[in-house]
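The following account is intended for a reader meeting this structure for the first time. It proceeds from the strands to the core, and then to the contacts between individual side chains.

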Amino acid sequence: QVQLVESGGGMVQAGGSLRLSCAASGRTSSNYVMAWFRQAPGKERDFVATLTRSGGSTYYADSVKGRFTISRDNAKSTGYLQMNSLKPEDTAVYYCAARPYVISTDRKTYDYWGQGTQVTVSS
């Protein structure tokens, strides 16, 4: 089992920045791929970003490329999502997710989820 706890959400004006954190605990979290998804009201939960266990390769949804940066600190068992140049359409609940070993952008393949953190961007 892996437990995930997100933090860092909040309200920000368009153009602002937020950094989300995802603290992992439980089974050797460094063996797990970490990803971020988001879900806006009335919409499906969509892929945002993921990275390999080493952090050496990253993948982003087209809608956030160039604005968001995913990273991880395996020593701290924590993942991060730095969000810059935020737009009102980035408003959503952001979820951290984990799965063993193999990277994926498909939410159905993730075994573990955090409780989510709200991000609200005003225009």
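Two strands are said to pair if DSSP finds at least two bridges between them. With that rule in hand, the strands β1 and β3 can be taken up: they run antiparallel and are joined by 6 bridges. One of the residues involved is V2, whose bridge partner in β3 is G26. The model discussed here is a predicted one, and the description that follows should be read accordingly.

The pairing of β1 with β3 belongs to a wider arrangement. An open sheet is formed by 4 strands in the order β1-β3-β8-β7, with antiparallel pairing. At its edges lie β1 and β7, each of which pairs on one side only. Within this sheet, neighbouring strands are turned against each other by 15 degrees on average, direction ignored.

The nonpolar interior comes next. The largest nonpolar core contains 34 residues, and those that touch the most other members are L4, W36, V48, F68, L81, M83 and Y94. Many strands contribute to this core: β1 (2-7), β3 (18-26), β4 (32-39), β5 (45-51), β7 (68-73), β8 (78-83), β9 (92-100) and β11 (117-122) each supply at least two of its residues. Which strand provides the largest share of the core? That strand is β4, with 6 residues.

The aromatic rings deserve separate attention. Across the whole structure, a search finds 6 aromatic pairs. One of them joins F37 and Y110: the ring centres are 5.4 Å apart and the planes stand at 75 degrees, so the pair is edge-to-face, the term used for planes over 60 degrees apart. Because F37 lies in strand β4 and Y110 in the loop between β9 and β10 (112-113), this pair ties together parts that are 73 residues apart in sequence. Both F37 and Y110 are buried.

Another edge-to-face pair is formed by Y95 and W113, with 6.4 Å from centre to centre and 80 degrees between the planes. Here too distant parts of the chain are linked, since Y95 is in strand β9 and W113 in strand β10, 18 residues apart. Are the two partners buried or exposed? Y95 has a relative accessible area of 12% and is therefore buried, whereas W113, at 27%, is partly exposed. The reason for the two labels is that buried means under 20% relative accessible area and exposed over 50%, with partly exposed in between.

These residues also belong to a broader grouping, for ring pairs link F37, F47, Y95, Y110 and W113 into a cluster. Arginine side chains meet two rings of this cluster. The charged end of R45 sits over the ring of W113, 4.9 Å from its centre. In the case of Y110, the charged end of R99 sits over the ring, 5.9 Å from the centre.

Charged side chains also meet one another. In general, side chains of opposite charge can pair when their charged atoms come close. The structure has a count of 4 salt bridges. In one of them R38 pairs with D90, the closest N and O atoms being 2.9 Å apart. This contact links distant parts of the chain, with R38 in strand β4 and D90 in the loop between β8 and β9, 52 residues apart. Both R38 and D90 are buried.

D90 takes part in a further salt bridge, in which its side chain meets that of R67 at 2.7 Å, N to O. R67 lies in the loop between β6 (58-60) and β7, and is 23 residues from D90 in sequence. D90 has a relative accessible area of 0% and so is buried; R67, at 10% relative accessibility, counts as buried as well. Through these contacts R38, R67 and D90 are linked in a network of salt bridges.

One more salt bridge can be described, this time between E44 and R107, whose closest N and O atoms are 3.9 Å apart. E44 is in the loop between β4 and β5 and R107 in the loop between β9 and β10, 63 residues apart, and the pair again links distant parts of the chain. As for accessibility, E44 is exposed, with a relative accessible area of 55%, while R107 is partly exposed, at 29%.

Conventions:
Residues are numbered from 1 along each chain as its sequence is written. This is a predicted model: local features need pLDDT of at least 70, side-chain atom pairs count only at pLDDT 80 or more; totals for chains, interfaces and linings use all residues. Side-chain values use heavy atoms; hydrogens and water are left out. A nonpolar core is a set of buried Ala, Val, Leu, Ile, Met, Phe, Trp, Tyr and Cys residues joined through side-chain atoms within 4.5 Å. Buried means under 20% relative accessible area, exposed over 50%, partly exposed in between (1.4 Å probe, protein chains only). Rings of Phe, Tyr and Trp (its six-membered ring) pair if their centres lie within 6.5 Å; planes under 30 degrees apart count as stacked, over 60 as edge-to-face and the rest as tilted. A charge sits over a ring if NZ of Lys or CZ of Arg is within 6 Å of the ring centre and within 35 degrees of the ring normal. Axes are lines fitted to C-alpha atoms, for helices over the stretch in contact, and angles run from 0 to 180 degrees between N-to-C directions.
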